[in-house]
Each structure stands twice: as C-alpha cells, then as structure tokens.
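Good morning, and thank you for joining. I would ask you to look at the model on the screen while I describe a pocket and then a helix.

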Amino acid sequence: MRPTVKRGLMARMTEGAKSMLNALSHRGALTATTAIAAVALVVILPQTRDYVVNPTSWTESRRAEAPVQTMEADQEAAVEHDPLQDALAEPVVEAPEMIEAPAAPAPRTRALNKQQESSLGATTEPLARAELYGGTASMAPAAVQDNLLLVPEQNTETFANADTNPLKVTAEDPVSTFSIDVDTASFSIIRSSLMQGHLPPKDAVRVEEMVNYFPYSYPAPEGDAPFRPTITVSPTPWNEGTQLVHIGIQGALPQVEDRPPLNLVFLIDTSGSMQDANKLPLLKQSFRLLLSELRPEDQVSIVTYAGSAGQVLEPTAAAEKTKILTALDQLQAGGSTAGQAGLQQAYQVAESMAKDGEVTRVILATDGDFNVGLSDPDALKDFIARKRDSGTFLSVLGFGRGNLDDATMQALAQNGNGQAAYIDTLGEARKVLVDQLTGALFPIANDVKIQVEFNPAQIAEYRLIGYETRALRREDFSNDKVDAGDIGAGHTVTAIYEVTPVGSDAIRNGPLRYAEQSASDGSDEIGFFKMRYKQPGASESQLIEEPILPGQGQPTGDVRFSYAIAGFGQLLRGGEYLGDWSYEDAIALANGAKGQDPFGYRAEAVTLMRLAETLAQ
C-alpha cells in the first residue's frame, strides 16, 4: 500500500481527546487529579477483601461441608453460590496433595467464622483450626485461624430395631413366636461406638445379636439330628422374684473336608462413601483373609458398583490367587451407589457359576449407603426374596461409620437367607471370614422358628429378651411358606425369656376384676417348647418339642455368661426391667463366668462393659 497521511479511526479519536484536554485545563491540574484518584484506590481496595469470595477457599470449604462427594459433585459445588462463605475469602493458595484418612477418622467438619456461628445459633467448643485450605488450619492466614470454628457434619446412620419387647400377661397372651437370628452385627457396632468414646445409639443395640456373638459349648446333637436344643431354668440375676428360661441350640458340625465346591461372588461397594480407611481398604484386607481359606477348586468373581455396576473379575479358580488379589487391589472408591444394578449383575454372575452339587453365595460388602436404585428396605426385601429360591443366598458385611445404613443391610441379609456382620477391625474380619466361614456359607437347617407356650397356672408374666425384629405371628409357626432364619454348620443360637411365677412379689400387672382365673391342671410344667425347621432344599418342616420344667438343667458358665451379656445389652437400651442392677453387676457376673476364653472375646466384652460404665456416668 502507498504511504498516506490519513490515519485510522482510533488514532483520530485519541488525537481529538488530547486536543480537548489541552483546551480544558493545563498539565498541572491533570497531574493533581490523577494523584488523588490513585490515593483513593489504595485506601478502598483492601477493604473489599472481606466481601469478595476467593474461588479456592470457597471450593475447599464446600468440599469439607459435604459428607462424601464425588468429583462430579465437587464440580457442581464450584458453580453454586454459598453466602455463608462470603466472609471467608483469602488470597489464593495452592491446595496440598490429598492424603489417606486414618483408621479411625475424626468426624468431617465445615468451617464457620464467629459471625456466622453466632447468626446460626450454633453451640461449639472453644476456637479450633479449620481445614479451610485443603490441609490443616495452620496453612490458613493467622487472621482467619482465630475466627474459625468446627461444626461436625450430620450423622446419617440408620438402624433396624423396634421398641423393647413388653411384659406380657400369660393368661391373656400365653404364646411367643419368633425366628432365630445368628447375625452378630450389633455387637461389633457397639464395640465401634465405645472404642470411639461414646455410648452406642439405643437402636443399634439388638440384645440377641450381642448374646449370639459369642461361641458357646452347648451339648452336641446326637445321630443324624442337625441340632439339639438345651433348656435351663434358673434365678434371674437382676430380679429375685423372676426366673430366666435359657434356650441354647447347638448345630451339628459336618466334616469340613466333605464340603462341596464353593462359588463366591464378591459384590463390592466402590462408591465415594467407601473411601475412608476403615471401609474399602479394610475390606480389601478382610477378603485377603477369606481367600486363604478357599480351596483350589473354589471359584471367585468380583462385581463392583459405583454409579454403574461392572464385573472386574470373571469367575476365577481360587488357585489363581495372584490374579484375584491384583483385581482386588486395583479397586478405588468414587461415584454414587448404584446398589440395584450391582445386585442384579451379581446374581447373574452367580447363576452362571452355579452347578449341581456346588454351593453358590453372593457376599455384599458395603457401608449400606444405597442412594441410587432400590434404596427402600421394603423394595430391597421383595427383590432379594424373589432371588433366594434359586439357591443363591446373600450375606452382607458392613464397613465404616457415619453413614452406615444398618436397616438396609438387615433387610438384605434376612431376606437373602444369609447373615449380616459388621467388620470394624481386622480381628473381626478373621472371626467372621475365617473362624466362622463354614457356618456362614453352609446351612444345616432353613426357616428355623421357635414357639414357646407358657402355662398360666404357673407363670403370671413373661417377656422375651431381644428378637424384636424377628417376631412372628402365632399362625406363622406352622406355615411353611413363611420365611425364617437359618442355622449354619456348627452355629449356636441362644434365646432367653424372663418369667414371673404365679404368686411372686415381682408381678407387675394386677389382677382384673372380671378376668377368668387360671385353674391348675396339676402339671408342674411352666411352658412347652416347640421348634420347626427344614432340611436344606426341603419344602416341608419338621417339628421338635419338649416341656419346660421348674429348675430344669444346670446354669453352666456359658449360660451365666450369656446372662451377663443380656444384662449388658439391656443396660445400653435403658434397663427398663433391670431395677438397680448396674454395669458393675454385669462385669462381676461376666468375670465369674468367662471360663476358657481362647480368643479373648469374653475378656474384650468385660473391657467394653467397663468403658460403657464410665461413659454412662
């Protein structure tokens, strides 16, 4: 292009502005006004820091505020607006590398300053340092550290339980019917709470699961009988005017060498809520112990679910241990919990592995946080009930605390003809997956129901200790279509009634004016015991029955220790029927009945009683 003196539009505008300014004022005035504006900026800008949200601190504080969030949830949080964080803005600092949570993580927290805490009406301890910048509070500026408080996140745990069984008048309601229960999850949850320094929630205490947590040496069955009941009647430790009817059932223990091949489908929850060290990492260590108990001909498959379900290990012979462990070690937590899809795929895999004469089981490992799919316990119950008739049973292992959905776990295990256990330590993993593996995976009797009829001429009142969630209607006892609990090889089951004899000073319910008086039939029987069960695979039940007599049996060490644990459980639930009986009394009774304790389970129970005694003060 040829040179020209014409200039562009912007250049001509600049020239015009200069001419205007030169005409309006001289250079000295312009210099003075510019200096005043600069001073004003220096004074005003620092004051706006308290009103401007810093993106990094806002995002990190939002991450601390959520119980468990996936990467997608964090991204969503970054574009949302939270007015509570407006006063927390600070200069941008780089977030440190994330580290693994400790074995017993402290409750997650979110940070509030003094002004926010006051406006929310929160009651907190003295000032603490908040993890506002992705690490410890010491990384935050000192001015912010002194204004931060820690507010614990909401606990979302739910437990399957019901009100304590009431005291019943024998003349009005002489029959008690319930399904047996060999689950042990409640005791482990109680231990977890006490070891963290607080009493367990009352709904987490299921007395029958506490009592059945311990192994007992009841008389073994004779001949081909799958089990043998033993009944003992003795004075009540906490009430001189009542008696305890102790029912102990010992299952037969077949030769382990004769067991059929085993097909296991590990259904593993890898959702974001499983990231804590006492969840997925402990789960991996626990399954390592289980693999050591399998035989070369056994098969293992792994299905995971998090957002969507997937099979990460096809059916693999247990002899290929390295391949199985590699697949297990590569699991990572992240995503939401697609429980329904996981269950469906696990059953499909189990059906493909099943062969005649073999045992096929699905073992679900989760914190119970089913937030995608079938999250309603009733819907889950119906789904599992439709699947159990194929012969593939479902057992559930719970991990972690904070969002433990015990109600869902119980619904799954009870309707899947399996067992529910809670694993809080590697020692508990060994007890459940090694010591009791045979009983957990090889049932010797299905749909086991117990019914006791008390004689109103001898017993005025009675109550069943525990089994609130296992109650059945009277007519269910003879109905073989009604599902009930199973007994595994070598398992023991314990049930305890507290009964009040006629004429005792401990009777709580006074006589009615127009009630019929129970006439004595001349029998010394205080009750009649019945038990129904089905042989594995059978559709019709068999009946065992025998009378209950005053002073029947001798209270052995096992019986007395079970009384101590039953009393301990009732104390944790409020001790409505215990009078002045205390933790000190429970400890003395347990110490006097520990007997042989090769694995230290009973000694541990006494330690937990002592902790509860201190925490209850």
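The lining of the second largest pocket comprises 19 nonpolar, 11 polar and three charged residues. Here Ala, Val, Leu, Ile, Met, Phe, Trp, Tyr, Cys and Pro count as nonpolar, Asp, Glu, Lys and Arg as charged, and the others, Gly among them, as polar. This is a predicted model, in which local features need pLDDT of at least 70 and side-chain atom pairs pLDDT 80 or more, while totals for chains, interfaces and linings use all residues. Residues are numbered from 1 along each chain as its sequence is written, and side-chain values use heavy atoms, without hydrogens or water.

The space in this second largest pocket amounts to about 650 Å³. Of its 33 lining residues, those closest to the centre are Asp435, Gln436, Leu437, Gly439 and His491. Which element gives the most to the lining? It is α15, with five residues; β11 (393–399), β12 (420–423) and α14 are among the elements that each supply at least two.

I turn now to helix α18, residues 601–615. Its 15 residues should span 21 Å at 1.5 Å a residue, and the end C-alpha atoms are indeed 21 Å apart, which agrees. The expected span is 1.5 Å times one less than the number of residues.

Buried in α18 (under 20% relative accessible area, 1.4 Å probe, protein chains only) are Tyr601, Arg602, Ala605, Val606, Leu608, Met609 and Ala612. They cover an arc of only 160° around the axis, so they lie on the same side of α18. The face turned away from that buried side carries Arg610 and Thr614, both exposed (over 50%).

Note on methods: Helices (H or I, at least four residues) and strands (E, at least two) are DSSP runs, numbered from the N terminus. The arc is that of the directions from the helix axis to the C-beta atoms. On a 1 Å grid over the protein atoms alone, a cavity is a set of points where a 1.4 Å probe fits but cannot get out, and a pocket is an open set with protein on both sides within 12 Å along at least five of seven lines; lining residues have an atom within 4 Å of a point. Grid points are joined across faces, edges and corners, and a volume is the space filled by probe spheres set on the points.
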